[in-house]
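Let's take a walk through a protein model together, starting at one helix end and working outward. Keep the 3D view open as you read.

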Amino acid sequence: MTEQQARYRLTALCAKAEHCSGEMAEKLRQWGFDEVVQARIIRYLVDERYVDDERYCRYFVRDKLRYNGWGRRKIEQALYGKHVDREIYEPILDEVSDEEYLEVLRPLIRQKAKSIKAKDDYEFAAKLIRFAMGRGFDYELIKRSIENIP
């Protein structure tokens with residue numbers, strides 16, 4: 001594949017959905033391009049606004065919170081895995097209020113509570129906490145959610 005073909009394929013890919021520069025670099029690496037060519041193609045994608053990591057982050061955070069039921073920690077890990085700079089995603093995550101996380105967490109906790117079998121209240125709470133922490137929510141938010149369970 002030539003550099004021009006790769007650039008064309010990536011612009012077509014970016015025109016269909018949001019992607020971050022880390023994903024584009026990974027694709028180019030898989031296709032066997034060296035770092036100089038990767039940098040040149042990514043610079044083109046950024047300059048032409050096919051790729052914008054901040055825009056990608058905003059959509060990613062919103063989607064993972066609302067549709068996947070992920071908490072802040074899990075979203076941070078996913079963005080780190082996609083090689084998005086911490087300076088980009090930290091302010092975006094800071095914009096999400098505790099109430100927004102609680103709006104997602106409370107129904108998840110209520111639903112999970114129906115399926116938990118436990119000997120006592122302590123084991124019941126521990127299982128709910130483990131579940132919510134696995135989803136990436138902070139302990140304080142989990143505590144606030146569990147206190148309101150009937």
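## A helix and its two ends

H8 is followed by Gly 136, a residue whose phi is positive, near 95 degrees. Keep in mind that this is a predicted model. At the other end of H8, Asp 120 acts as the N-terminal cap, with a side-chain oxygen 3.3 Å from the backbone nitrogen of Tyr 122.

How far apart are the end C-alpha atoms of H8? They are 20 Å apart, and that agrees with the 20 Å that 14 residues should span at 1.5 Å a residue. You can try the same check on H7, which has 18 residues: from first C-alpha to last, H7 reaches 26 Å, close to the 26 Å expected.

While you're at H8, look for Ala 125, which sits in this helix. Ala 125 counts as partly exposed because its relative accessibility is 23%, and buried would need under 20%. Its C-alpha atom is 9.9 Å from that of Ile 142, a residue 17 places away along the chain.

## Zooming out

So what is the whole chain built from? The count is 9 helices and 0 strands, so the order from the N terminus is simply α-α-α-α-α-α-α-α-α. The radius of gyration is 20 Å, well over the 15 Å that the globule rule gives for 150 residues, so the chain is more spread out than a compact globule. Along the principal axes, the C-alpha atoms fill a box of roughly 65 × 25 × 25 Å.

Buried residues account for 37% of the 150 residues. The accessible surface comes to about 9500 Å², and carbon and sulfur atoms own 48% of that area. What about links between distant parts of the sequence? Take the contacts between residues at least 6 apart in sequence: 58% of them join residues at least 24 apart.

## What's packed inside

In soluble globular proteins, nonpolar side chains tend to be buried together. Here, the largest nonpolar core has 29 residues, and Ile 75 and Leu 79 have the most contacts inside it. H4, H5, H6, H7, H8 and H9 each supply at least two residues of this core. Which helix gives the largest share? That's H7, with 7 residues.

There is also a second, separate core of 11 residues, and Cys 14, Met 24, Leu 28 and Leu 45 are among them.

Back to Leu 79 for a moment. Setting aside neighbours within four places in sequence, Leu 79 is in contact with Tyr 56, Cys 57, Phe 60, Val 61, Val 84 and Tyr 89.

H7 deserves a second look as well. Its buried residues are Tyr 101, Leu 102, Val 104, Leu 105, Leu 108, Ile 109 and Ala 113. The elements covering them include H4, H5, H6, H8 and H9.

## Two polar residues under cover

Nonpolar residues aren't the whole story. Ser 21 belongs to helix H2, which runs over residues 21-30. Is Ser 21 buried or exposed? Ser 21 counts as buried, because its relative accessibility is 17% and the cut-off is under 20%. Its side chain makes a polar contact of 2.7 Å with the side chain of Asp 53. Leaving out residues up to four places away in sequence, Ser 21 touches Ile 42 and Val 51 as well as Asp 53.

Glu 90, found in helix H6, is another one to find. Glu 90 is buried too, with a relative accessible area of 18%. Again not counting residues up to four places away in sequence, Glu 90 touches Arg 72 and Glu 76.

## Two loop residues with positive phi

Now for the loops. Arg 49 lies between helix H3 and H4, while His 83 is in the loop between H5 and H6. Neither is a glycine, yet Arg 49 has a positive phi and so does His 83. Here they are side by side:

| Residue | Phi | Relative accessible area |
|---|---|---|
| Arg 49 | about 65 degrees | 53% |
| His 83 | near 65 degrees | 59% |

Why does Arg 49 count as exposed? Its relative accessible area is 53%, and exposed means over 50%. His 83 is exposed as well, at 59%.

Note on methods:
Residues are numbered from 1 along each chain as its sequence is written. This is a predicted model: local features need pLDDT of at least 70, side-chain atom pairs count only at pLDDT 80 or more; totals for chains, interfaces and linings use all residues. Side-chain values use heavy atoms; hydrogens and water are left out. Helices (H or I, at least four residues) and strands (E, at least two) are DSSP runs, numbered from the N terminus. The expected span of a helix is 1.5 Å times one less than its number of residues. A polar contact is a pair of N or O atoms within 3.5 Å; within protein, one must be able to donate a hydrogen and the other to accept it, and residues adjacent in sequence count only if both atoms are side-chain atoms. Buried means under 20% relative accessible area, exposed over 50%, partly exposed in between (1.4 Å probe, protein chains only). A nonpolar core is a set of buried Ala, Val, Leu, Ile, Met, Phe, Trp, Tyr and Cys residues joined through side-chain atoms within 4.5 Å. Contact means heavy atoms within 4.5 Å. The radius of gyration is taken over C-alpha atoms; the globule rule is 2.2 Å times the number of residues to the power 0.38. Accessible areas come from the Shrake-Rupley method with a 1.4 Å probe; for residues, only the protein chains shown count as cover.
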